[in-house]
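The following notes are meant for a colleague who is opening this structure for the first time. Please read them with the sequence and the 3D view side by side.

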Amino acid sequence: MAGRGDVPPLIEDRLRAVCRRLPDAYEEPAWTGTRWRVRKRTIAHACVVEADHPNSLASAFAAEGPVCVVTFRAPGGEAGGLIASGLPFYWPGWGTNVVGMLLDDGTDWTEVAELITESYRIQAPKMLVRLLPEP
């Protein structure tokens, strides 16, 4: 990894492929890691959290080394259900509809695509959401 918070290229490429299909979504560097946005609203943010960082959520995973995570928005009831289900999901500590997800070798990328698309539906203007196929 190139620097603190940098997302491994394979994971970043997979997230990029999902977000590239979303109308007007764009990618930009975040304060740490990479985020994908639509009209200045974040639909997904991926980064690596270090176990030794004081504000790290790595402790939520009982990780000794860095872990890669993505945060996204989910409908209110669904957010609570995902978080309550436990790993790979967690509450990042902010927002009522924000969910974090650990990305590792066992990640279901079809599920990630569905979750990020739903996040887009929450964050994007209705005129852009109408351009997506029905779920």
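1. A residue is called buried here when its relative accessible area is under 20%, and exposed when that value is over 50%. By that standard Thr71 is buried, because its relative accessible area is 11%. The model is a predicted one, and the points below should be read with that in mind.

2. As an overview, the protein chain contains 4 helices and 6 strands, which follow one another along the sequence in the pattern α-β-β-β-β-α-β-β-α-α. Of its 135 residues, 44% count as buried. Among the contacts with a separation of 6 or more, 48% come from residues 24 or more positions apart.

3. The strands make up an open sheet of 6 strands, with antiparallel pairing and the order β1-β2-β3-β4-β6-β5. Its edge strands are β1 and β5 (89–90), each of which pairs on one side only. As general background, the strands of a sheet pair through backbone hydrogen bonds, in either a parallel or an antiparallel manner.

4. Within the sheet, strand β2 (residues 34–38) runs antiparallel to β3 and is joined to it by 5 bridges; in one of the pairings between them, Arg37 has Thr42 of β3 as its bridge partner. The two strands form a hairpin with 2 residues between them, and Arg39, which lies in the turn, has a positive phi of about 50 degrees.

5. How many of the 9 residues of strand β3 (residues 41–49) are buried? The count is 7, and β3 is therefore largely enclosed by the rest of the structure. On its way through the sheet β3 also pairs with strand β4 (residues 67–73), in the antiparallel sense and over 6 bridges, and here Ala46 has Val70 of β4 as its bridge partner.

6. Thr71, the buried residue of the opening point, has its place in strand β4. When its neighbours within four places in sequence are left aside, Thr71 is in contact with Ile43, Ala44, His45, Tyr90, Pro92, Val98, Val99 and Gly100. Strand β4 pairs with strand β6 (residues 98–103) in the antiparallel sense over 6 bridges, and Gly100 is the bridge partner of Thr71 in β6.

7. Two helices deserve attention alongside these strands. Helix α2 (residues 76–84) packs on the sheet, where it touches β4, β5 and β6, and its direction makes about 35 degrees with that of β6. Helix α3 likewise packs on the sheet, touching β2, β3, β4, β5 and β6, with a direction that makes about 40 degrees with that of β4.

8. Helix α3 (residues 109–123) also meets α1: the axes of the two helices come within 10 Å and cross at roughly 45 degrees, which means that α1 is oblique to α3. The crossing is right-handed, and the contact is made by Ile11, Arg14, Leu15, Val18 and Cys19 of α1 together with Trp109, Val112, Ala113 and Ile116 of α3. By character, the residues of this contact divide into 8 nonpolar, no polar and 1 charged.

9. Is Arg21, which is found in the loop between α1 (9–20) and β1 (26–29), buried or exposed? Arg21 counts as exposed, because its relative accessibility is 57%. Its C-alpha atom is separated by 9.1 Å from that of Leu132, although the two residues are 111 residues apart along the chain.

Terms used: Residues numbered from 1 in each chain as written. Predicted model: local features only at pLDDT ≥ 70, side-chain atom pairs only at ≥ 80, totals over all residues. Heavy atoms only, no water. Buried < 20%, exposed > 50% of the residue type's maximum accessible area, 1.4 Å probe, protein only. Pairing = 2+ DSSP bridges. Axes fitted to C-alpha atoms, helices over the stretch in contact; angles between N-to-C directions. Parallel < 35°, antiparallel > 145°, perpendicular 65-115°, else oblique. Left-handed = near helix turned anticlockwise from the far one by under 90°. Contact = heavy atoms within 4.5 Å. Nonpolar A, V, L, I, M, F, W, Y, C, P; charged D, E, K, R; others polar.
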